[in-house]
Amino acid sequence: MKKIHFSQNFIKNVVVPTTGRAEYYDEGCSFLALRATQSQKCFYYNRKFNGTSQRIKIGDTAIIALTEARQIAQEWSVKIAKGESINTAYEDTYTVGKFFQVWLDMKKTRGDSQRCAKSSIQRFSCYVPKKLANTQLSACKSVQFETIKNTTAAQIGQRTASILITDLTAMYNYAIKLDIVKTNPLKAVQKFPCVKRERFLLESEVTRFFNALKAEEDNFRDTVLTLLFTAKRKSNILALKCVDVDLRKKIFYLSGDVTKNSKPDVSVFDDYVLQIFKRRIPQSLAIRSPFVFASKVAPQKHYSLPHKKFKAFLQRAQIANFRIHDLRRTLASWMAQQNTSLHIIADAL
């Protein structure tokens, strides 16, 4: 029997055997044990009562803090001393909302993209009703998640609804792995079929697009043109910093913190974008902003391209069924299918 005074640092760095398991007992709390295997580390309550030696699982160290585990062990010891039964269903107190955060914390520890985590949080807060978020994990039914899927699809789109269902499914699978629930209610919820979007600016729309863009203020206009001529994601361009742009070599660097796949990216830009950067970078440095596309209201933050403003811009340009993300495939589509360069058209108007 290995006895040691448990601490958060010890639990985090405990040596996990390559095969089998290691078990430790807490000097700071009677009957509290830690069992470590290759797959997980769990707190247990180990003692002899009712005539037999019993090992009762308290919970995974990923979701139960040391202070909580000690409190549970002490409460159980008091109840056993009084001859009372103990409630071993501690994990069942997790609500959907609380465990969703536990799942996100696990993904962060695993090294998953924080950009994706922020998107997951936004989807959950926007489309999962508070009533369901406050419901116990084990009490949720498939029909409730089916309703969320359909409501989200009606509000924002089928793709967002399917991604939300993917997140919730993964969350429940993690809860099953930790023995918090036995079944996944989302197993019966079918995601919408994934239809690849092929939209880009058509030849009949380009002139109206550039004419309408000329009337916009510089932050909006420069951002849209840079998105169009670099074919990069909106979030990457908006977060682009002055120090990450090399005007001489005509390249810019995106760190793994902002890219979708969490890998660094070096991109080449052309003379059209070079002129935009040459104008904007000195302006940003003059107001002590680190961003190429600095916010005029708060220079320490980058500009945020408003969806409502982009929608109004499209209405003035008489362009329908077009999204900001569609700018990414427009340049490549024109290079492949058209004889006229978008750069020439933009300069001519």
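1. In this predicted model, helix 3 supplies the largest share of the lining of the second largest pocket, namely 5 residues. Helix 3 is not alone in this role, since helix 1 (8–13), strand 4 (41–49) and helix 7 also supply at least two lining residues each.

2. The second largest pocket has a volume of about 670 Å³, and 21 residues line it. Those that lie nearest its centre are Asp-60, Thr-61, Ala-62, Thr-109 and Tyr-174. Sorted by class, the lining of this pocket holds 10 nonpolar, 5 polar and 6 charged residues.

3. Two of the elements that line the pocket, helix 3 and helix 7, also pack against one another. In general, a pair of packed helices is described by the angle between the axes together with the distance between them. For helix 3 (residues 96–110) and helix 7 (residues 158–177), the angle is about 85 degrees and the axes are 10 Å apart. Because angles of 65 to 115 degrees count as roughly perpendicular, helix 3 is described as roughly perpendicular to helix 7.

4. Which residues meet where helix 3 packs on helix 7? From helix 3 come Val-96, Phe-99, Phe-100, Val-102, Trp-103 and Met-106, and they meet Asp-167, Leu-168, Ala-170, Met-171, Tyr-172, Tyr-174 and Ala-175 of helix 7. The residues of this contact divide into 12 nonpolar, no polar and 1 charged. Tyr-174 thus appears in the helix contact and among the residues nearest the centre of the second largest pocket.

5. A separate point concerns an open sheet of 3 strands, which are arranged in the order 6-7-8 with antiparallel pairing. Strand 6 (245–246) and strand 8 (265–268) are the edge strands, each pairing on one side only. Strand 6 is joined to strand 7 (residues 251–254) by 2 bridges, and Val-245 stands opposite Phe-252 in strand 7.

Key: Residues are numbered from 1 along each chain as its sequence is written. This is a predicted model: local features need pLDDT of at least 70, side-chain atom pairs count only at pLDDT 80 or more; totals for chains, interfaces and linings use all residues. Side-chain values use heavy atoms; hydrogens and water are left out. Axes are lines fitted to C-alpha atoms, for helices over the stretch in contact, and angles run from 0 to 180 degrees between N-to-C directions. Helices (H or I, at least four residues) and strands (E, at least two) are DSSP runs, numbered from the N terminus. Angles under 35 degrees count as roughly parallel, over 145 as roughly antiparallel, 65 to 115 as roughly perpendicular and the rest as oblique. Contact means heavy atoms within 4.5 Å. Ala, Val, Leu, Ile, Met, Phe, Trp, Tyr, Cys and Pro count as nonpolar, Asp, Glu, Lys and Arg as charged, and the others, Gly among them, as polar. On a 1 Å grid over the protein atoms alone, a cavity is a set of points where a 1.4 Å probe fits but cannot get out, and a pocket is an open set with protein on both sides within 12 Å along at least five of seven lines; lining residues have an atom within 4 Å of a point. Grid points are joined across faces, edges and corners, and a volume is the space filled by probe spheres set on the points. Two strands pair if DSSP finds at least two bridges between them.
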